[in-house]
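Please read the sequence alongside the model before going on. The paragraphs below start from a single residue and work outward to the whole chain.

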Amino acid sequence: MPKTLRTVVICIIAEIMNFIFPEFFYHGLKIPLFFDTIFTVAVVFYCGLLPALCVSIGYNLINSFIWVCNKDVSDPFIFFYSICGILIVFSTWLIARRKDEFRISPAITILYLVLITLVSSFCSIISSGIIDYFHYIYYDVPDMMNPIKSFTESFVHHRFSLPVACILAQIPISFADRLIATFAGYGVYRLCERFIERRGL
């Protein structure tokens, strides 16, 4: 299969899976995490920066459209969370582009993945917290964000200012989500790599 076509197919599959996983884990199993960047991380490792950006931005565009059409929510801030996705992709790619070094040993692999988790978590926490602040001021927060909303309200109740509360509330959810997405995304990448090499695709 030509490289460009293979990349397009991988990106389409990743986009679909980015919608299936939140539906299964968040709505089905009621786990209060997002699970919407696992396959974006896999694309970063396998295809590089540009395809992963396309997957990330595409997800937020489609997700915003779904909110407007199916859930009758007219909220421009939903798409603004694409900024978080873009920062996650960039921060992951900065480290993941050295993926040959990941193969030195399992310990090195884990250290690199933890580093990606920490850097991408920081980017996600700060950017999401800022967006949340303006989101809370101008719009009702969608149900999808209820876990973070409850944390935010708890911090506000303890007399933290709203901007600080929005950032602090992101820490447990975003860190846990980035940790799972980073390790799972790398695992998906390695599985795909082995499958495609064996099939000669």
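Thr109 counts as buried, because its relative accessibility of 11% is under the 20% cut-off. This threonine belongs to helix α6. Leaving out residues up to four places away in sequence, Thr109 touches Phe102, Arg103 and Tyr186. The model is predicted, and the positions discussed here are those of that model. For a sense of distance, take His158, which is 49 residues from Thr109 along the chain: the two C-alpha atoms are separated by 40 Å.

Arg103, one of the residues that Thr109 touches, also leads to helix α8. There, Glu193 is in contact with Tyr46 and Arg103, when residues up to four places away in sequence are not counted. Is Glu193 buried or exposed? Glu193 is buried, since its relative accessible area is 13% and the limit for burial is under 20%.

Helix α6 holds a further residue to look at, Ser127. Its relative accessibility is 8%, so Ser127 counts as buried. Setting aside residues up to four places away in sequence, Ser127 touches Cys84 and Leu87. Ser127 and Ile167 are 40 residues apart along the chain, and their C-alpha atoms are separated by 8.5 Å.

Asn60, in helix α3, is another polar residue to follow. With 8% relative accessibility, Asn60 counts as buried. Which residues does Asn60 touch, not counting those up to four places away in sequence? They are Ile78, Phe79, Tyr81 and Ser82. Phe80 is 20 residues from Asn60 in sequence, and the C-alpha to C-alpha distance between the two is 8.4 Å.

Now the nonpolar side chains. In soluble globular proteins, nonpolar side chains tend to be buried together. In this model the largest nonpolar core has 32 residues, and the members that touch the most others are Val43, Phe45, Phe102 and Ile116. Helices α1 (3-28), α2 (38-47), α3 (49-70), α5 (82-96), α6 (106-138) and α8 (162-199) each contribute at least two residues to this core. Ile116 shows what such a position looks like in detail. Neighbours within four places in sequence aside, Ile116 is in contact with Phe45, Thr92, Ile95, Ala96, Phe102, Ser121 and Thr182. Phe102 thus appears among the contacts of Ile116 and also among those of Thr109.

Two loop residues deserve a look for their backbone geometry. Most residues other than glycine have a negative phi, and most peptide bonds are trans. Phe35 has a positive phi, near 55°, and is not a glycine. It sits in the loop between α1 and α2. Phe35 counts as buried, because its relative accessibility is 7%. Arg159 also has a positive phi without being a glycine, at about 70°. Arg159 is placed in the loop between α7 (146-157) and α8. Is the side of the cut-offs on which Arg159 falls buried or exposed? Arg159 counts as exposed, because its relative accessibility is 80% and exposed means over 50%.

These residues can now be set in the whole fold. The chain has eight helices and zero strands. Read from the N terminus, the order of elements is α-α-α-α-α-α-α-α. The radius of gyration is 17 Å, close to the 17 Å that the globule rule gives for 201 residues, so the chain is as compact as a globular protein of that length. Along its principal axes, the C-alpha trace spans about 55 × 40 × 30 Å.

What share of the contacts with a separation of 6 or more comes from residues 24 or more positions apart? The share is 70%. Burial can be given for the chain as well: 43% of its 201 residues count as buried. Thr109, Glu193, Ser127, Asn60 and Phe35 are among the buried ones.

The outside of the chain remains. About 10900 Å² is exposed, with carbon and sulfur atoms supplying 70% of that area. As for charge, the chain carries 15 positive and 14 negative side chains, and the centres of the two sets lie 11 Å apart.

Key: Residues numbered from 1 in each chain as written. Heavy atoms only, no water. Helix = DSSP H or I, 4+ residues; strand = E, 2+ residues; numbered from the N terminus. Rg over C-alpha atoms; globule rule 2.2 N^0.38 Å. Buried < 20%, exposed > 50% of the residue type's maximum accessible area, 1.4 Å probe, protein only. Contact = heavy atoms within 4.5 Å. Areas by Shrake-Rupley, 256 points an atom, 1.4 Å probe, with all protein chains shown as cover. Lys, Arg positive; Asp, Glu negative; His and termini not counted. Charge placed at Lys NZ, Arg CZ, Asp CG, Glu CD. Core = buried A, V, L, I, M, F, W, Y, C linked by side-chain atoms within 4.5 Å.
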